[in-house]
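Let's take a look at how this chain is put together, starting from its middle and working outwards. Keep the picture open while you read.

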Amino acid sequence: GVIFSETAVANYKKLGPELFKGYIPKIPAKRLGVPEEISSVVCFLLSPAASFMTGETVKVDAGESLYQSPWEIPEHDRWPPAPESRNSTVLANFLAGKLPSKL
């Protein structure tokens with residue numbers, strides 16, 4: 001999935017904001033992910049709870065692997081919001097047009 005961070009957007013310079021916002025209409029979750037959503041899966045895989053897992057691919061992609069289409073996905077509010085964190089706050093501000101100074 002598409003993961004938002006200030007650094008990721010800044011890496012694309014002036015193209016970054018438009019590029020990241022352009023992904024949202026085609027993501028089934030209708031939002032970008034934040035690093036905390038990846039780190040929780042990594043923590044699980046490193047924990048004893050995953051000790052019996054081998055050779056598995058775990059997709060953290062907001063449903064993109066289930067729905068691959070060139071068309072936009074209809075608006076909905078059925079997906080949970082990103083966990084509260086600094087990244088989700090910066091993402092909310094970013095989507096509201098308030099670009100961080102880093103960008």
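Start with the largest nonpolar core, which has 14 residues; the members that touch the most others in it are Phe-4, Phe-20, Leu-32, Leu-91 and Phe-94. Helices α1 and α4 each supply at least two residues of this core, and α4 gives the most, with 3 residues. There's a general habit behind this: in soluble globular proteins, nonpolar side chains tend to be buried together.

By the way, what you're looking at is a predicted model, so every value here is computed from it.

**Two core residues up close**

Let's pick two of those core members and see what they touch, skipping anything up to four places away in sequence.

| Residue | Residues in contact |
|---|---|
| Phe-20 | Val-2, Ile-3, Phe-4, Ala-8, Val-9, Tyr-12, Leu-32, Phe-94 |
| Leu-91 | Phe-4, Leu-32, Val-34 |

Leu-91 is found in helix α4. Why does Leu-91 count as buried? Because its relative accessibility is 7%, and buried means under 20%. Here's a nice detail: Leu-91 and Ser-5 are 86 residues apart along the chain, yet their C-alpha atoms are separated by 7.5 Å.

**Helix α2 and its two faces**

Now go to helix α2, which runs over residues 15-23 and has Gly-16, Pro-17 and Phe-20 buried. These three cover an arc of only 95° around the axis, so they sit on the same side of α2. And which residues are on the face turned away from that buried side? There you'll find Leu-15 and Glu-18, both exposed. As for what covers the buried residues of α2, the list includes α1 (6-11) and α4 (86-95).

**Stepping back to the whole chain**

Zoom out and you'll count 4 helices and 0 strands, so to speak a pattern of α-α-α-α along the sequence. The C-alpha trace spans about 45 × 30 × 25 Å along its principal axes. The chain has 103 residues, and 32% of them count as buried.

How much do far-apart stretches of sequence meet? Taking contacts with a separation of 6 or more, 72% are between residues 24 or more positions apart.

Finally, the outside: the accessible surface comes to about 7,300 Å², and 58% of it belongs to carbon and sulfur atoms. The chain also carries 11 positive and 11 negative charges, whose mean positions are 7 Å apart.

Methods:
Residues are numbered from 1 along each chain as its sequence is written. This is a predicted model: local features need pLDDT of at least 70, side-chain atom pairs count only at pLDDT 80 or more; totals for chains, interfaces and linings use all residues. Side-chain values use heavy atoms; hydrogens and water are left out. Buried means under 20% relative accessible area, exposed over 50%, partly exposed in between (1.4 Å probe, protein chains only). The arc is that of the directions from the helix axis to the C-beta atoms. Contact means heavy atoms within 4.5 Å. A nonpolar core is a set of buried Ala, Val, Leu, Ile, Met, Phe, Trp, Tyr and Cys residues joined through side-chain atoms within 4.5 Å. Accessible areas come from the Shrake-Rupley method with a 1.4 Å probe; for residues, only the protein chains shown count as cover. Lys and Arg count as positive and Asp and Glu as negative; His and the chain ends are not counted. The place of a charge is taken as NZ of Lys, CZ of Arg, CG of Asp or CD of Glu.
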